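Biologist: Got a minute to go through this one with me? I'd like to talk about cysteines, metal sites and confidence.

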Amino acid sequence: MSRRLIFLCLLTACLYSFAQAAPAVVPGQALVRFAEPTSLAKAQAEFNANEFRVEKVLVKKLDIYLVKFDEKLSVDMAVEMLKGNPKLLWAQADHIASPRLTPNDPSFSTQWDWNQANDRDVDAPEAWDITTGGTNAGGDQIVVAIVDGGCLLTHADLAANIWQNTAEVNGVNGVDDDGNGYVDDKNGWDAFANDGTIPTDNHGTHVSGTVGAVSNNGSMVAGTNWNVRLMEVAASSSQTSVISIGYGYVLDQKTLWWTSGGAQGANVVSTNSSFGVDLAFCTSGTYPVWNDLYNAMGEVGILSACATANANYNVDTQGDVPTSCSSPYMVSVTNTTSSDGKNSSCGYGATTIDLGAPGTSIISTTSNGSTGSLTGTSMSTPHVAGAVALMHAAASVGFYNYYNLYPDSEH
Ligand SMILES: [Ca+2]
Ligand SMILES: [Ca+2]
Ligand SMILES: [Ca+2]
Ligand SMILES: [Ca+2]
């Protein structure tokens, strides 16, 4: 299976297999088709008028009629009763058809990664027909941790989707109000300064928009999730120690979310990261902290999407940290173009690199409060971190219950 196919599966097929909600139906009415040519009067004569009233012809040529009944009778039950009439070819519910969802954001048409005429895209509108993100089957808000350089929290196309730590009740007052070990962590954590003030950063703002720009709001761009919460963690440092603090914050918040029954912490389902050490092997014994962090986050139900190197070499044989790491909870991502090829300036590897996602000339939110285009594996990865969140929104009650019992899915 090609990596693009795997990604399409992530965004669409898997969503279909998870989606279990029955389609909505119009109460008190059904469609029927008669086997022989009929009229309204003849059609009505086939039914007890107190039970089923033939309202009108829908398709004369095919003898398809609309039948009405008491709304106290379930549509399923009514359809079963109608099917018992031998004069009918079939009976069915009057299902509610929803429009194929495309957002009204003006830059949507320039965001080739979601949808384009030649179909070298991720089929986002098809996924959005199933869910546009937000909450899981249990009603819990879904959160993605953006581990990056920071973010313009006030960006008009992001602000409503920025995660708020409501347990840090008094906000910025120099006090750790929720006692989670982090003073004033209102929207995430700044691992550089070890405080709750998130710096502004163009890269992190762009990545945040791809995961979850406020979408279908008539403004700027659309994100993978139209509704999600973006936990901003500034930690994309050259120092592994700073990166570790950032991941540690995410791990703490998800652990607290479980132990407090959702009263504190955050329901983080994925992290997005684009930093690393080129030409290094995770298996060397020199980089143990990476696998330990991805495994620990995985055990509490977090998948981590990580960008591979922005250089054209084979990661299998030449190495990259973290994308050569073996943690099953780390998804390594390379960069594809609008013609569905690998960008010529990014890493590859049949064993180490899990998939490719659009990362070339990607339009998203920028730190000047506007939008702009960037290229790199950094732009690919948020499509994957975002897709994980979208899958949580699409997943069934059964998946939700399983996830609550076994967030590491190792059972
Ligand atoms: Ca498409
Ligand atoms: Ca706190
Ligand atoms: Ca505080
Ligand atoms: Ca928008």
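Biologist: Is Cys 151 buried or exposed?

Modeller: This is a predicted model, to start with. Cys 151 counts as buried, because its relative accessibility is 1%, and the cut-off for buried is under 20%.

Biologist: How many disulfides are there?

Modeller: The count comes to one disulfide. It joins Cys 282 to Cys 325, S to S 2.0 Å.

Biologist: Which hand does the disulfide of Cys 282 and Cys 325 have?

Modeller: Right-handed, because the torsion about the S-S bond is about 85°. Cys 282 sits in the loop between strand 9 (277-278) and helix 7 (288-299), and Cys 325 in the loop between strand 11 (320-321) and strand 12 (330-336), so the pair ties together parts 43 residues apart in sequence. Both Cys 282 and Cys 325 are buried.

Biologist: What is the nearest cysteine sulfur to Cys 151?

Modeller: That of Cys 306, 19 Å away; Cys 151 is in no disulfide. Cys 306 is in no disulfide either. Its nearest cysteine sulfur belongs to Cys 325, at 7.9 Å. Cys 306 is buried, at 0% relative accessibility.

Biologist: Switching to metals. Which residues are the protein donors of the calcium ion (ligand 2)?

Modeller: Glu 168 (OE), Asp 176 (OD), Asp 178 (OD), Asn 180 (OD1), Tyr 182 (O) and Asp 185 (OD), lying 2.2 to 2.4 Å from the ion. Their spacing along the chain is E-x7-D-x1-D-x1-N-x1-Y-x2-D.

Biologist: Why is the arrangement around ligand 2 irregular?

Modeller: The six donor atoms subtend angles of 76 to 162°, which makes it irregular. For six octahedral donors the ideal angles are 90 or 180 degrees.

Biologist: And the calcium ion (ligand 4), what are its protein donors?

Modeller: Asp 105 (OD), Asp 157 (OD) twice, Val 214 (O), Asn 217 (OD1), Ser 219 (O) and Val 221 (O), lying 2.2 to 2.6 Å from the ion. Asp 157 and Val 221 link distant parts of the chain, 64 residues apart. Asp 157 is in the loop between strand 5 and strand 6, Val 221 in the loop between helix 5 (202-212) and strand 7 (229-234). Asp 157 is buried at 0% relative accessibility, and Val 221 is buried at 0% as well.

Biologist: Last topic. What pLDDT does the protein chain average?

Modeller: The average is 92, and 93% of the residues score at least 70. Over residues 1-10 the pLDDT is below 50, though this stretch has 30 contacts beyond near neighbours in sequence. Residues 12-20 are also below 50, with 25 such contacts.

Definitions and conventions: Residues numbered from 1 in each chain as written. Chains lettered and ligands numbered in written order. Predicted model: local features only at pLDDT ≥ 70, side-chain atom pairs only at ≥ 80, totals over all residues. Heavy atoms only, no water. Donors = N, O, S within 2.8 Å, 3.2 Å for Na, K, Ca; no water. Tetrahedral: all angles 85-135°; square planar, octahedral: opposite > 155°, others 65-115°. Helix = DSSP H or I, 4+ residues; strand = E, 2+ residues; numbered from the N terminus. Buried < 20%, exposed > 50% of the residue type's maximum accessible area, 1.4 Å probe, protein only. pLDDT = per-residue confidence, 0-100. Contact = heavy atoms within 4.5 Å. Disulfide = S-S within 2.5 Å.
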